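Trainee: I would like a close look at a single part of this model. Please take me through one annotated loop and the residues around it.

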Amino acid sequence: MADAKIEKLQSAVATLDQISQNEKSGFINLVSRYLSRVIEMPVFVVCWLDRSGDADQIEWSKIQTPTDEVVVPYDSLAPPPEDMEATRKLLDKLAVLKLNGGLGTTMGCTGPKSVIEVRNGFTFLDLIVIQIESLNKKYGCNVPLLLMNSFNTHDDTLKIVEKYANSNIEIHTFNQSQYPRIVVEDFLPLPSKGQTRKDGWYPPGHGDVFPSLKNSGRLDALLSQGKEYVFVANSDNLGAVVDIKILNHLINNQNEYCMEVTPKTLADVKGGTLISYEGRVQLLEIAQVPDAHVNEFKSIEKFKIFNTNNLWVNLKAIKRLVEADALKMEIIPNPKEVDGVKVLQLETAAGAAIRFFDNAIGINVPRSRFLPVKATSDLLLVQSDLYTLVDGFVVRNEARKNPANPTIELGPEFKKVSNFLARFKSIPSIVDLDSLKVSGDVWFGAGVVLKGNVTITAKPGVKLEIPDGALLENKVINGPEDV
């Protein structure tokens, strides 16, 4: 049954002239692996399960907590060389790759998420470029920046990077694969049924970074320049900056792969974690956890760290594994609906590749290296006095005594960036804030200070304005009289 499905799918994919031969074979390979695991079950059932179609069942009793040799404490790393020339030589072995395939749609923006203004008029991309520019200038090195786009972000990104033409940084863009969505009913590609718009296609997750780096020619170009490592991170993680200490450790210890992990808080309980399993370090995602152990997985007592998706990978190792077709990461089935048609897209995650690399490790880094902006509540944190901007680096305010950031919940009125910005005359001071919950039609004046735990709820149909200069400390506000 699986063979017949694949044969039919292969014939249909062969007629799709929008994608390359590499993309066609990569797609068929992914689907074949998926079907080989789930053939015992009807496809329509499998598609809608929240489980990884390709994940080997984890034997819970075999899971071990990684030792400090496997997940190295950041504080135990040797200091980087003090000599500028030695540091330059280290950095000349590095390239930085930002995953730039995401759109800002969840925050109400069009175009690549990396061009959302984060602070002082600078976008994510501006800050990334400024950071690498200052590194190249300080050490006289040549760290190039690669942007892996999706077909959704490619054209816009090409226009945007033109403004950096005169910077002292090489910027290269390449596209990750473009795969057709599969119609659940008959397992045929959606584009072969006349859906020729973008909706018929999808980028298959950031696990695709390794084959795409190779297929684009960028991998061989980096190796020919003497580059040894690539630092891969999400473009929306403001904490993901080049760390010479980490690079130095990996080169000295010949680690082919390093995942930065950081201590879990209650906000991160669903994040993937590193385990030792049958003698290798492995990423354990919640989708692989048997139902009986999900609560244990979410516990911050047993599984204390989670994946930041800041990855350092040896380029020769990527070439070896991609050419051997050895990177068979767990497949994440992602069901969608397009114009009422149930479709399936199969994805992989770059972190799951850790088990295929030799001498792979995690490094338990400070929380400051994980500062993603996924929603406007995160934007409030990074635009506030909790952080300052120094040479393109977002630096935490030392006046904040609590190592954790405040928890912030903003209602749907604040979801879009444009609405969020309109509702604040200026971003409040939150250095001494523990939690903020805002719901309803709430507007903030200039110079507002929030401390402790603050809840602000506007009653339905009522516009609630927090006046200029208001100090709200441990308050529950339901109307103007409570301010």
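Where does His 206 lie?

Mentor: His 206 lies in the loop between β11 and α7, where helices (H or I, at least four residues) and strands (E, at least two) are DSSP runs numbered from the N terminus. The model is predicted, so to speak of a local feature requires pLDDT of at least 70 and a side-chain atom pair counts only at pLDDT 80 or more, while totals for chains, interfaces and linings use all residues. Residues are numbered from 1 along each chain as its sequence is written, and side-chain values use heavy atoms, with hydrogens and water left out.

UniProt places a "binding site" feature, from an unreviewed entry, at His 206; such annotations may be inferred rather than shown by experiment. His 206 counts as partly exposed because its relative accessibility is 26% (buried is under 20%, exposed over 50% and partly exposed in between, with a 1.4 Å probe and protein chains only). Beyond its neighbours within four places in sequence, His 206 is in contact (heavy atoms within 4.5 Å) with Leu 99, Asn 309, Thr 348, Ala 349 and Ala 350.

Gly 205 is also placed in this loop, which runs between β11 (201–202) and α7 (209–215). With 17% relative accessibility, Gly 205 counts as buried. Residues up to four places away aside, Gly 205 touches Gln 176, Glu 347 and Thr 348. Thr 348 is thus a partner of Gly 205 and of His 206.

The unreviewed UniProt entry also lists Lys 113, Gln 176, Gly 205, Asp 236 and Lys 374 under "binding site". Gln 176, which Gly 205 touches, therefore carries this annotation as well.

Asn 309, a partner of His 206, leads to strand β12 (residues 229–234), where Asn 234 is placed. The side chains of Asn 234 and Asn 309 make a polar contact at 3.1 Å (a pair of N or O atoms within 3.5 Å; within protein, one must be able to donate a hydrogen and the other to accept it, and residues adjacent in sequence count only if both atoms are side-chain atoms). Asn 234 counts as buried because its relative accessibility is 18%. Its contacts outside four places in sequence are Lys 98, Leu 99, Asn 309 and Lys 374. Leu 99 and Asn 309 therefore appear among the partners of Asn 234 and of His 206.

Asp 236 is found in the loop between β12 and α9 (244–253). Asp 236 counts as buried, with 6% relative accessibility. Apart from residues up to four places away, Asp 236 touches Lys 113, Phe 124, Leu 371, Pro 372, Val 373 and Lys 374. Two of these partners, Lys 113 and Lys 374, are listed in UniProt under "binding site" together with Asp 236 itself. Lys 374 is in contact with Asn 234 and with Asp 236.

Helix α9, at the other end of that loop, meets α4: Thr 87, Leu 90 and Leu 91 in α4 contact Ile 244, Leu 247, Asn 248 and Ile 251 in α9. Between α9 and β13 (257–263) lies a loop that holds Gln 254. Gln 254 is exposed, with a relative accessible area of 65%, and its phi is positive, near 50 degrees. Most residues other than glycine have a negative phi.
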